[in-house]
Amino acid sequence: MSLPVLAAKAPRKSKKDDVVTISTSLGDIKLILFSDTPLHRTNFLKKSESGYYDGTTFHRVIPGFMVQGGDPNSKDNDPINDGQGPAHEATIPAELAGHRHDYGAVAAARQADFVNPQRASNASQFYVVVNKQGAHSLDGQYTVFGQVISGQEVLDKIAALPRDARDRPLADLKMTMKVERVKKKKISELYGYSYQ
């Protein structure tokens, strides 16, 4: 008599997802993070929930391209070091999962290829694509790990801020972040985002 073979259960997919809200004086931006970039997702959620990003600024804005923020150096009173990040900050291995630099894509900043041929990501700085046609010249070169689902008009306001020759806004635009667990069905209903 043979014993029945037990089929391995597929891991249960969560019916909820994390929605990250970036709050600024110009309004709120809501985004979701991709599950197939787990190192970036976990890092960003941990920093968002811990208050790490609170008080950082969008320190680089390029209209028609992207807005960048998240550098803890931007909390101090020295605008010259914004974007340089802390000395010896850890990096995150690239997770090039095939996500494209579409409008509202959230991606990790990194050092240039000549000093970073592995394309490892910065552990804190991120950017959001504000070009409505996308920034597809960057596809496959930087880790895209999330997507804005609400607040695109806020991104457009940030991109339009007056800035200096280094693309740094003339006035600091500080952010705070919070994370909420929300049913995926509700996310789809509220924001029109469709899960694959």
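**View 1. Ser23 and its bridge partner in the paired strands β1 and β2.** Ser23 has Asp28, in β2, as its bridge partner, and the antiparallel strands β1 and β2 are joined by 6 bridges. The strands named here are DSSP runs (E, at least two residues) and the helices are DSSP runs too (H or I, at least four residues), both numbered from the N terminus, and two strands count as paired if DSSP finds at least two bridges between them. The model is predicted, so that local features need pLDDT of at least 70 and side-chain atom pairs count only at pLDDT 80 or more, whereas totals for chains, interfaces and linings use all residues. Residues are numbered from 1 along each chain as its sequence is written, and side-chain values use heavy atoms, with hydrogens and water left out.

**View 2. The open sheet and the helix that packs on it.** The sheet is built from 8 strands with antiparallel pairing, in the order β3-β4-β8-β6-β9-β2-β1-β10. Its edge strands, β3 (58-62) and β10 (176-183), each pair on one side only. Ignoring direction, neighbouring strands of this sheet are turned by 30 degrees against each other on average. Helix α2 (residues 152-159) packs on the sheet and touches β1, β2, β3, β4 (66-69), β8 (126-129) and β9 (144-150), where contact means heavy atoms within 4.5 Å. The direction of helix α2 makes about 115 degrees with that of β2; axes are lines fitted to C-alpha atoms, for helices over the stretch in contact, and angles run from 0 to 180 degrees between N-to-C directions.

**View 3. The aromatic pair of Phe44 and Phe126.** Phe44 and Phe126 form an edge-to-face pair, with 5.3 Å from centre to centre and 90 degrees between the planes. Rings of Phe, Tyr and Trp (its six-membered ring) pair if their centres lie within 6.5 Å, and planes under 30 degrees apart count as stacked, over 60 as edge-to-face and the rest as tilted. Because Phe44 lies in helix α1 (residues 38-50) and Phe126 in strand β8, the pair ties together parts that are 82 residues apart in sequence.

**View 4. The lining of the largest pocket.** A pocket is an open set of points on a 1 Å grid over the protein atoms alone, where a 1.4 Å probe fits, with protein on both sides within 12 Å along at least five of seven lines, and lining residues have an atom within 4 Å of a point. Of the 16 residues that line the largest pocket, Asp17, Phe34, Ser35, Lys184 and Tyr195 are the closest to its centre. Strands β1 (16-24) and β2 (27-33) each supply at least two residues of this lining.
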